[in-house]
Amino acid sequence: MKRLALTLLLLSATALPAVAQRHVVRLRPWSQGPLSYADFRGRPAGEADGSFADFSFGYRHVADTVDGIALPRLKAWGSLRPYASWMLPGSRNAARLRYHQQQFDLVERARQELQRGLDDGYYDPQSLFGDADERLVQRLALLDSLTLHGTDTAALARWQAYADSAFGPLAPVSEALPELRLGWMGEFHFFMGHRSFRGALADCFRPSVDFAFLVAALYSHHMMAFDMGFGIAPLRGEVLTADSYFYTDRPATDLRLLFEYGYRLVDRRHWSLTPFVAGGFHILDQSEEDDEFSVSTGTYGGGLLLQWRYAMSFDALDGARVGRRDLDFSARLSLLRSSFSEIVGHPSGWGVYLQFGLGFGYGSYRHAKP
């Protein structure tokens, strides 16, 4: 029996032609079960004899959708091309079919090894694929050498035990993509807007402009943040303290130092919504270089943070992790309850802060743990 011809098509995801992608549905994966004669559907050349098995092996970009966001990742594939593989009638025997199955098993081993490497977070998938490609070629050459290209049926029968010992046992694995979940994410926001007081504080201070910086860390939709806000608080009239008073001819500074907890109820491709609670310190300050003057109190409250995604991009994949970058336009409504015991009359009330701003975020998705 003449030497068997074998073609191994090796394609990376970055170089997969459009024609090949259109014919992916005609590829026969290893997971469909053992090969049969019906899997060899190609037409041999006129001078050909024996049989011919055409395999494809590589990786490609796929998507895993999380909260409406399509995240790119990498998936290894290894298949038989039935319409490029053939068997002449005289070669349709169990030994030939077993030989092609052993080749296909090697392709599947290589696919599983490549997928594990991609899922482990290998930083250079093309290099990982190159190593897997080289190992596969060497193993196929070893199979040919030990079995005389499939013609030594006794050696072919011993090959399975050798392969399991040398390369590890081969078993079916799930074709489902590992689930990705949002892990840690950091955000920085700058806000500008309007502040007004309600209650007795409104009798002391007029509405005016306000600014805020927010630094937040999120994990699995839980947000912890530090918020520093400051603005102008013009006086309506005389405001006395226990041992002094505010000047009426210039405004005070409204300063807040807050710690916040929020839960991101919605995190979509184009928008997100995060209700939050806050607590910290509220300071009204009218100090000068040589004259320190301020009053302070604790404050608490909450609000809503609405973000509209102007842009969202992803870092290069490393298999187990997908990096995400956001550029957001944000709107925030905050309500803070304060009561200043140092001011005569102990005025208390709610500060209402309506702010708009720009936000930047960076985070990563990781495989969900079983």
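## Exercises on a buried charged pair, its network and a helix

In this predicted model, both Asp 227 and Arg 332 are buried.

**Exercise 1.** Determine what joins the side chains of Asp 227 and Arg 332, and which strands hold the two residues.

*Solution.* Begin with the side chains, which meet in a salt bridge with an N to O distance of 2.8 Å. Next, place the residues: Asp 227 belongs to strand 8 (residues 222–233) and Arg 332 to strand 13 (residues 321–339), so the pair ties together parts that lie 105 residues apart in sequence. Finally, Asp 227 is also among the residues touched by Phe 213, which lies in strand 7 (residues 208–219) and is partly exposed, with a relative accessible area of 29%.

**Exercise 2.** Trace the salt bridges of Arg 324 to Asp 267 and to Asp 326, and decide whether Arg 324 is buried or exposed.

*Solution.* Take Asp 267 as the starting partner: its closest N and O atoms with Arg 324 are 3.1 Å apart, and the pair links strand 13 with strand 10 (residues 266–267) across 57 residues. Then turn to Asp 326, whose side chain meets that of Arg 324 at 2.8 Å, N to O. Compare the accessible areas with the 20% cut-off for burial: Arg 324 has 0%, Asp 267 has 2% and Asp 326 has 5%, so each of these three residues is buried. Salt bridges with shared partners join Asp 267, Arg 309, Arg 324, Asp 326 and Asp 328 into one network.

**Exercise 3.** Check the span of helix 3 (residues 125–147) against its number of residues.

*Solution.* At 1.5 Å a residue, the 23 residues should span 33 Å, and because the end C-alpha atoms are 33 Å apart, the two values agree. Just after helix 3, Leu 148 adopts a positive phi of about 55°.

Technical notes: Residues are numbered from 1 along each chain as its sequence is written. This is a predicted model: local features need pLDDT of at least 70, side-chain atom pairs count only at pLDDT 80 or more; totals for chains, interfaces and linings use all residues. Side-chain values use heavy atoms; hydrogens and water are left out. Helices (H or I, at least four residues) and strands (E, at least two) are DSSP runs, numbered from the N terminus. The expected span of a helix is 1.5 Å times one less than its number of residues. Buried means under 20% relative accessible area, exposed over 50%, partly exposed in between (1.4 Å probe, protein chains only). Contact means heavy atoms within 4.5 Å. A salt bridge is a side-chain nitrogen of Lys or Arg within 4 Å of a carboxyl oxygen of Asp or Glu. Lists of a residue's contacts leave out its neighbours within four places in sequence.
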